[in-house]
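Here's a quick tour for anyone meeting this structure for the first time. Have a look at it below, and then we'll go through a few spots together.

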Amino acid sequence: MCFFKKQKFIAAISCLKKAVWISPLNFNALYNLGLVFVTAQQYVSAFQTLAAAISLRPEHAECYMLLGTCLRHLNDPGNAYLSLEKSTMLPDAVKNPLIYLNFALYCYEIGKSDQSVLYLSNFLDMTQHITVHREYLKMADRLNGALTVAATSGQIYPATVPEAGHTGGLDRTEKDADRMQDETAVNATGDATVAVQREDTVEDDGSDGDLP
């Protein structure tokens, strides 16, 4: 994962593939390989890897969050929604506020404003007790502003708060929703690991054959 943190994705994938080859039932190796695939935008490989990880630990919320991100990019919005929704229902979800932020963003993207408001509220409540990167709080503020516009204007896809020098519009709204979702999905597995404890190594899962 040192290569991953340095954004050397090819090297990270190579190392993690070797870890999986040595220990195919090592959940941490599978999870981290799926994480790197998502970050590298290799969504088909990520889907296959995360599905294998879920078969080992079907109650792991972050796996479903990443799987939902893959399905979204693989043009399967129905199953993406179900996967992201399930990630919020599992016991592990209470350990990572970004799971709720991801689902709130996706609900906003597909026009489910009421659900987006609910899960954004859950995210903000959790940040009172769990420290998250300031970047995610800013993202939540942008989403909150967009939802406020939606509530007052009745738009299905509200224009987000525009950046300086830009104006909002339908095309920009869909693009911004896409950008917010992508940023969160990737960053939820990166910088936030400092604030939210996660399994970021291939060791210590008790399986035989871990890399030395």
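How exposed is Val44, going by its relative accessible area? Keep in mind that this is a predicted model. Val44 comes out as partly exposed, because its relative accessible area is 48%, and partly exposed covers the range between 20% and 50%. You'll find Val44 in helix α4, which runs over residues 43-56. Together with Phe47 and Leu74, Val44 makes a nonpolar surface patch of about 230 Å².

Now hop over to Thr88, which sits in helix α6 (residues 77-89). Thr88 has a relative accessibility of 8%, so it counts as buried, the cut-off being under 20%. And who touches Thr88? Leaving out residues up to four places away in sequence, its contacts are Ala93, Ile99, Tyr100, Phe103 and Tyr119.

Here are the two residues side by side:

| Residue | Relative accessible area | Class |
|---|---|---|
| Val44 | 48% | partly exposed |
| Thr88 | 8% | buried |

Next up is helix α7, residues 97-109. Of its 13 residues, 13 are buried, so α7 is largely enclosed by the rest of the structure. Does its length add up or fall short? With 1.5 Å a residue, α7 should span 18 Å, and its end C-alpha atoms are 19 Å apart, so the two values agree.

The ends of α7 are worth a look too. At the N-terminal end, Asn96 acts as a cap, with a side-chain oxygen 3.0 Å from the backbone nitrogen of Leu98. After α7 comes Gly111, with a positive phi near 90 degrees.

Key
Residues are numbered from 1 along each chain as its sequence is written. This is a predicted model: local features need pLDDT of at least 70, side-chain atom pairs count only at pLDDT 80 or more; totals for chains, interfaces and linings use all residues. Side-chain values use heavy atoms; hydrogens and water are left out. Helices (H or I, at least four residues) and strands (E, at least two) are DSSP runs, numbered from the N terminus. Buried means under 20% relative accessible area, exposed over 50%, partly exposed in between (1.4 Å probe, protein chains only). Contact means heavy atoms within 4.5 Å. Patches are made of residues with over 30% relative accessible area and no salt bridge: like charges are joined within 9 Å, nonpolar side chains (Val, Leu, Ile, Met, Phe, Trp, Tyr) within 5 Å. Accessible areas come from the Shrake-Rupley method with a 1.4 Å probe; for residues, only the protein chains shown count as cover. A salt bridge is a side-chain nitrogen of Lys or Arg within 4 Å of a carboxyl oxygen of Asp or Glu. The expected span of a helix is 1.5 Å times one less than its number of residues. A polar contact is a pair of N or O atoms within 3.5 Å; within protein, one must be able to donate a hydrogen and the other to accept it, and residues adjacent in sequence count only if both atoms are side-chain atoms.
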